[in-house]
Amino acid sequence: MPVVVLAHQAPSAKERLRDAAAVAFVALLLGIPMLGLTTVDQGGALHVATRWPVLGLFVALCFAGRLLARFGLDRLQLARRVQRPAVGAPARRYRALPSWLGWGCFGIALVLPIVFSDNRYIVDTATTVLIYVMLGWGLNVVVGLAGLLVLGYVAFYAVGAYCYALLATQYGWGFWQALPLAGGLAAGFGLLLGWPTLRLRGDYLAIVTLGFGEIVRIILVNWTDLSNGPNGIASIPRPTFFGLPFKPGDDGTTFASFFGLEFSPLHRIFFLYYLILALAMLTNLFVSRLRKLPIGRAWEAVREDDIACQALGINITNVKLSAFAIGAMLGGCAGVFFAARQGFISPESFTFNESAIILAIVVLGGMGSQLGVVLASLVLVLLPELGRDFAEYRMLLFGAAMILIMIWKPGGILSHREPTLRYRGESGSP
Amino acid sequence: MNPYRLLLHVDRLSMRFGGLMAIDDLSFDVHAGRITAVIGPNGAGKTTFFNCLTGFYRPTAGRVCLHHPQRGVLDLETLESHQVASQAQVVRTFQNVRLFPKMTVLENLIVAQHNRLQQASRFSLAGLIGLPGYRRAEAQAIEVAVDRLKRLNLIERADSVAGDLPYGMQRRIEIARALCVDPILLCLDEPAAGLNPRESAELNELLQSLVRDEGLAILLIEHDMNVVMNVSDHICVLNYGRKIAEGSPAEIRNNPHVIKAYLGEEEEDEDGAMKFPAESVP
């Protein structure tokens, strides 16, 4: 509908007006039901009332806004074309960026609770960000590296969380004992999902995995004997500091009494923060090492062209299943932490919405990019938090930000792919 | 009589897609240390034959026996496509180049050595902690890859992203990558398509040197008659899934059936995507 404006010539005034008019027309169509009509309560019954002035104002604003935005964009494009530097020079600087950025992020994460030691809200939010970072890194194995579009990742998260919750409340298992078992169980579920979907690709795989995520959630809702249904599992034991619990009082040795500290609820918050930081960094180390091993390269090769892989003698069944299993295992481990941190879990926490956010983190970050996941989780978790002041417009803001990022960087925030090995780097001289 | 050892024996192979007989009762032999070409007009069943050979299709009838020097006789039609490459060491390239476009050239060649490396990494465990055994295997794999790249004159591009390179170069990379799998039979699906005359002359030389120096057998599908007539030792001509002629380049050039299939009668004129170059038409 909008008039296509060729980049190399400035559009005439007539073209601009036509373009803005087209936008105003769309605004009118959308505005009639959303703004033009409203319901009012008249004597206990609902009546439809009209608000034509509001609609008129909205359409006029859209018209003017489009005119201005188009004008501004054209000017910007012109300016950018004029001052575009020589090709080659900026590329090198860009490549060096991620390495120090990663260490910078790690440094900030390390000192964050110390700097904000009196602000529980910030440390709590940072913990949430780190959970999503870990989940993003896990899903990155499946989606970013192996190229298998999985929409039900939250199922593995739920398996891990429920595994710990049940083992801890029923059998008194500790966090560290349950962690490997829950990871293994989630990996098993990964294989369970991976096996029947081996022949599927792209959209078809996405649909099946979406169904898988829902199956797991619905089982959790309905299998009341196991999962306590929609009521969830409460009073899950919190992780202890190598056997020292975080609690007030003098009954037994606690973390505070052992170190001779005044008890403070912040101790546990800090401990949980550093715990997820350690788990996330371990995940990062694990995944980035795997990426440089034959299995990691095979994942990427399967993403690029699975038929060529077969012709080179690679058993793509094994490659895909290992990606499913490892991605699921990492999701399960994150789930264990989630259950231990919340102390209460219910199927409510494992809806499709979560899967979508984790997938958005991976896609927005730039498929396969480890650092991109960190930046995208920051954006996706912090934006709704920052947007709290905007009350009901929060999600609108969130959606707009995502659209803007995808327009600005269609390949994700960091779409640069670092090779797993180099000829010139590895063997010294060319 | 024939000084070259029998390597591949195709025995009454048929492939049917619904009502279409893509390959109809095809039999011929491929010998070690020779270049065998499969030619024919578009739609003659050449690529289908490759797909049957390399496990991508299950033939409807017939057998494809590989006489492997170490592993005895292998029935290729019963193997999975990845087993054809890893066990039978029959490696193919594709008509439309299938590289891993976002990976570098060197990575492409390392992926081709996956099975060896995966074994050396003890299913990633030894690799994760970086045991010396795995490091050695990796260094060796890089050495093999670099050796192939040097041989195909691609070493300058080792760290380039494969998908960004020109088409002709991508074709050569695909051959280099196939060589990294350590094949005894290399199946090339139109390796000269899209190459300029100089590149295709280089390709001729490369194919001949591979056979001469490494004792490889090459099975070639090709439309470029300059390549086919210059390098092949043996040619098998297909038309509508049937073998219509077989023999040395000189025999094929003078075979009336072949000339008819290519230059043909009135109704097949549209088929002539490939033609003999003027000088090679008898």
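Two residues are in contact if their C-beta atoms, placed from the backbone, lie within 7 Å. In chain A of this predicted model, 72% of the contacts with a separation of 6 or more are between residues 24 or more positions apart.

## Chain A as a whole

The secondary structure of chain A consists of 17 helices and two strands. Taken along the principal axes, a box of roughly 80 × 80 × 50 Å holds the C-alpha atoms of chain A. Chain A has 430 residues, and 36% of them count as buried.

Chain A is split into domain 1, residues 13-82, and domain 2, residues 102-424. Between the C-alpha centres of domain 1 of chain A and domain 2 of chain A there are 40 Å.

## A residue in helix H1 of chain A

Helix H1 of chain A covers residues 13-36 and includes A:Ala27. Is A:Ala27 buried or exposed? A residue is buried if 20 or more other C-beta atoms lie within 10 Å of its own. A:Ala27 has 21 C-beta neighbours inside 10 Å, so A:Ala27 counts as buried.

Apart from residues up to four places away in sequence, A:Ala27 touches A:Phe58, A:Val59 and A:Cys62. A:Phe255 is 228 residues from A:Ala27 in sequence, and their C-alpha atoms are 60 Å apart in space.

## Two crossing helices in chain A

Helix H4 (residues 120-145) and helix H14 (residues 352-365) of chain A have axes that come within 9 Å and cross at roughly 70°. Angles of 65 to 115 degrees count as roughly perpendicular, so H4(A) is roughly perpendicular to H14(A).

From H4(A), the contact uses A:Tyr132, A:Leu135, A:Gly136, A:Leu139, A:Asn140, A:Val143 and A:Gly144. From H14(A), the contact uses A:Ile358, A:Leu359, A:Ile361, A:Val362 and A:Gly365. By class, the residues of the contact of H4(A) with H14(A) are eight nonpolar, four polar and no charged.

## The sheet of chain B

Chain B has an open sheet of four strands in the order E2-E1-E4-E5, paired in the antiparallel sense. Which strands are at the edges? Strand E2 (20-31) and strand E5 (72-75) of chain B are the edge strands, and each pairs on one side only. From one strand to the next, the twist averages 20°.

Strands of a sheet pair through backbone hydrogen bonds, either parallel or antiparallel. E1(B) and E2(B) run antiparallel and are joined by eight bridges. Strand E1 (residues 6-17) of chain B also pairs with strand E4 (residues 61-68) of chain B, in the antiparallel sense and over five bridges.

Some of the facing residues are listed here.

| Residue | Residue opposite | Strand of the residue opposite |
|---|---|---|
| B:Leu8 | B:Val30 | E2(B) |
| B:Leu8 | B:Leu66 | E4(B) |
| B:Val10 | B:Val64 | E4(B) |

B:Leu8 thus has a bridge partner in E2(B), B:Val30, and another in E4(B), B:Leu66. E1(B) and E2(B) form a hairpin with two residues between them. In the turn, B:Gly18 has a positive phi of about 55°.

## The helix across the sheet

Helix H1 (residues 46-53) of chain B lies across E1, E2 and E4 of chain B, and runs at about 65° to E2(B). Because seven of the eight residues of H1(B) are buried, H1(B) is largely enclosed by the rest of the structure. The buried residues in H1(B) are B:Lys46, B:Thr48, B:Phe49, B:Phe50, B:Asn51, B:Cys52 and B:Leu53. After H1(B) comes B:Gly55, which has a positive phi near 85°.

## A residue in helix H8 of chain B

B:Ser200 is in helix H8 (residues 197-214) of chain B. With 20 other C-beta atoms within 10 Å, B:Ser200 is buried. Which residues are in contact with B:Ser200, leaving aside its neighbours within four places in sequence? They are B:Ala192, B:Leu195, B:Asp224, B:Asn226 and B:Val227. B:Gly168 is 32 residues from B:Ser200 along the chain, and their C-alpha atoms are separated by 9.1 Å.

## Where the chains touch

The contact takes 28 residues from chain A and 31 residues from chain B. On the side of chain B that touches chain A, several elements each supply at least two residues, among them helix H2 (81-86), strand E6 (90-92) and helix H6 (132-151) of chain B. That side of chain B has 15 nonpolar, eleven polar and five charged residues.

Note on methods:
Residues are numbered from 1 along each chain as its sequence is written. Chains are lettered from A and ligands numbered from 1 in the order in which they are written. This is a predicted model: local features need pLDDT of at least 70, side-chain atom pairs count only at pLDDT 80 or more; totals for chains, interfaces and linings use all residues. Domain bounds come from an automatic or database domain assignment. Two strands pair if DSSP finds at least two bridges between them. Axes are lines fitted to C-alpha atoms, for helices over the stretch in contact, and angles run from 0 to 180 degrees between N-to-C directions. Ala, Val, Leu, Ile, Met, Phe, Trp, Tyr, Cys and Pro count as nonpolar, Asp, Glu, Lys and Arg as charged, and the others, Gly among them, as polar. Angles under 35 degrees count as roughly parallel, over 145 as roughly antiparallel, 65 to 115 as roughly perpendicular and the rest as oblique. A residue is buried if 20 or more other C-beta atoms lie within 10 Å of its own, exposed if 12 or fewer, and partly exposed in between; C-beta atoms are placed from the backbone.
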